Amino acid sequence: MTHRHESAALPTTLEDLPVVALVGRPNVGKSTFLARASGSFVETANAPGTTVTLERRRVVVDGQAAWLVDLPGTRSLGDRPAGDDPFWTLLAEVRPDAILVLVDAGDLARHLPLVLACRDLGMPVVVAANLRDEAERRGIDVDAGRLSQLLLAPVHLTNGRVGDGVRPAVADAVRLAAQCRAVRVGEHAPRATRPAAIYPLQVELELQAAARELIGLRSVGAAAVDPTGIGRLVSEGIVSPRGGATLAIDGALDTARRAIAERWSHQVERLRSVPTPLADRIAALATAPWPGLPIFAVVALAVFGTLVVVGGAMSSALSTAWSTSISPVLTTAVDAAVPVPALAKALLWAFDGGLLAMISVGIPYILTFYVVLAALEDSGYLTSAAVLLDRVFNALGLPGRAAVPLLTAAGCNVPAIYGTRILGTRRARVLGSFLVTLTPCSARTAVVVAALAPFAGPLVALAAFGVALGITLAAGFAANALIPGAQPALVLELSQLRRPIARHVLAKAWYRFRGFLVTATPIMLIGSFVLGLVWESGAWSPLATVLTPVTTGWLGLPPIVGIAIVFAFLRKELALQLLVALAVIEYGAIGSNLGAILTPAQLFVFAIVTSVSIPCAATLAALVQELGARAAAGISAASLGLALVAGGVIARLLGAA
Amino acid sequence: MTGSSRSERVVSPRRPNGAMLALPARVPARVTAIEAEQATELADEGLGVGSRVVVLNRAPFGGPLVVRCGRARLAIPRRVAAGVSVEPTVEPDPAPNLDRTASSAPEATTEAPP
């Protein structure tokens, strides 16, 4: 889940410095490693596929500056972690002078093939055997010196989570990159990097043939005869001819590399007998139906319990503080500064009401939720949950890891839309985003609870969530059936469970919250201002008349309720306050008691329609940004249609219309 | 959970060479063939012909098989597991790198993660 802001923040014209590419399998800790190496935070999760955009950091080691570029986790150079292009095209775009490969010190046999593939490209490679603490806990000690001899490359044992060995590893990579860059710009005589022939003779011969072919392409120089683009990399000097050849016959090398990796890992590992770590024992249980499902239920309840208790307490404390100390000052100031009373009131809608909403919903509920989510991610439990629920999400056309954005959506839909990036295919992203918009966020949850619990009882409020969940599932099934294509069956590596590190959790939560603030605050302010203008000018009254056929005719609700629903587009959590205010205008003082003007059935219809209907303005903005205007319009239309149909049907079932 | 303490290894498989999908939990097996369609993806996860695997459990609702392969735990959808042929082995539980060569450290013992 990476926000767009950071990729936009990448400098477009880069300082001409040596480039070190950070490469590794998913979940080996690259982002944490980068944070340690550069001293600032990158969003990470103990789940595969956190790094979706490229993160570039400037590092200075021993007076030498260099770019350190974090690439998405990849299982091989031919893997497609970012969608359509194989990983090596991403790597080539970065134009690295050296590659820093992160491997899991506790599972070298699986990780070394990627090191061999990088080394085959003909550029300097430095290996960081990361997660050494976990390896040691499992009784695995790695002989870095021996591995370095075998690989003909520097090997460092590192623990990115606390920073052990990170600086020396980066220093080595930067030094080699600087040397390589100097060769490229002609400061020094070129030095041939000729890796030892480690593959079986047959494979080596194949490699030589492929390399000759690529050199031939270079002399022809035509794109038509170079469909893979490997020839271009060779002619531009990004990879050596032999390196290009290893890309061209990547599949044939795979088996050979795995055999070498297996052999070498045996040579460098020293195993001790240790008891199975507790975390591993829990991890083994977490994916089985028993006790996996009860564990999941407990975790889910703990998440929402924390939200309700901690979020609720913070929310009331903050809104009290705001209305006693800040609100009066703001009112006085705006009234004094703006001579037009209607405009002053509209401005107060924005700065008093709008900011209060950000403070009383954003900080208590969304920030708390992000902290809880970050802790879950850091612990590695989310991949277990994804496996447990994989089939449920498959039925909706989504992979199991859709659990992450959908859980996020219960806090706020905006970050959840960005979070659908981890779903891989565009189809899954569209389906996932649709379900995200149908998931009641904290603001909508508050509206449903406040509209139903006091007037119809808490059980009815619970029933409304049940109905909303049913609508969401039905819509998900239908959308999956209607949109052509299918969810591919994916093999997923399960994370190991770890104790979350408070620093990481808080930093990540804050990083995401900042992203949310940047997106949502302007929309909240402008939305509230527009709302204020329409309200203070009385322009809502004609609108209510226009909407009457739908509001009263189809949904069986008084006309003013239609206004509340329409304006909830700007700010969902205002739906109820608006409704009360409108009711007071329409019916007088009795209107402040919603139970007196609306029947429980009508309130139920109102709650469902508000909960399901078109996403709020901030969510719509995120949808457009991430999926394009067409998909955003389609999703909004679908949820509006769904809300109206569901509302009308429920109104008839309950006898409200 | 060390390999030597396992009693399941005497289980005599009914199907000597069947799909991984049908492999009972905790029965060590060796991969004998993989259908081409799934081969690349599984190879990327380090699972190829000759790999030793143990099915740890099956996720509910017809979800994926959780399989230990080397030191990793992989979630393999049933659809994919149906295309992987395995042969149960009577060798001990394939703890990581059991097939280490004589050149490896003599004091090395095998320790299986769960």
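**Two chains and their cores**

Trainee: How many residues of chain A are in contact with chain B, and with how many residues of chain B?

Mentor: This is a predicted model, in which local features need pLDDT of at least 70 and side-chain atom pairs count only at pLDDT 80 or more, while totals for chains, interfaces and linings use all residues. Residues are numbered from 1 along each chain as its sequence is written, and chains are lettered from A in the order in which they are written. Taking two residues to be in contact if their C-beta atoms, placed from the backbone, lie within 7 Å, the contacts join 40 residues of chain A with 39 residues of chain B.

Trainee: Which element supplies the largest share of the side of chain A that touches chain B?

Mentor: Helices here are DSSP runs of H or I with at least four residues, and strands are runs of E with at least two, numbered from the N terminus. Among the elements that each supply at least two residues to this side are α4 (108-120), α13 (289-337) and β9 (492-493) of chain A. The largest share, 6 residues, comes from α11(A).

Trainee: Which strand of chain B pairs with β9(A)?

Mentor: Two strands pair if DSSP finds at least two bridges between them, and here the pairing is antiparallel over 2 bridges. Within it, A:Glu493 stands opposite B:Leu74. The partner of β9(A) comprises residues 72-76 of chain B and is strand β5.

Trainee: Which residues does A:Ala403 touch, not counting those up to four places away in sequence?

Mentor: With those sequence neighbours left out, the residues that A:Ala403 touches include A:Leu382 and A:Ala385. The complete set is A:Leu382, A:Ala385, A:Ala386, A:Leu389 and A:Phe393.
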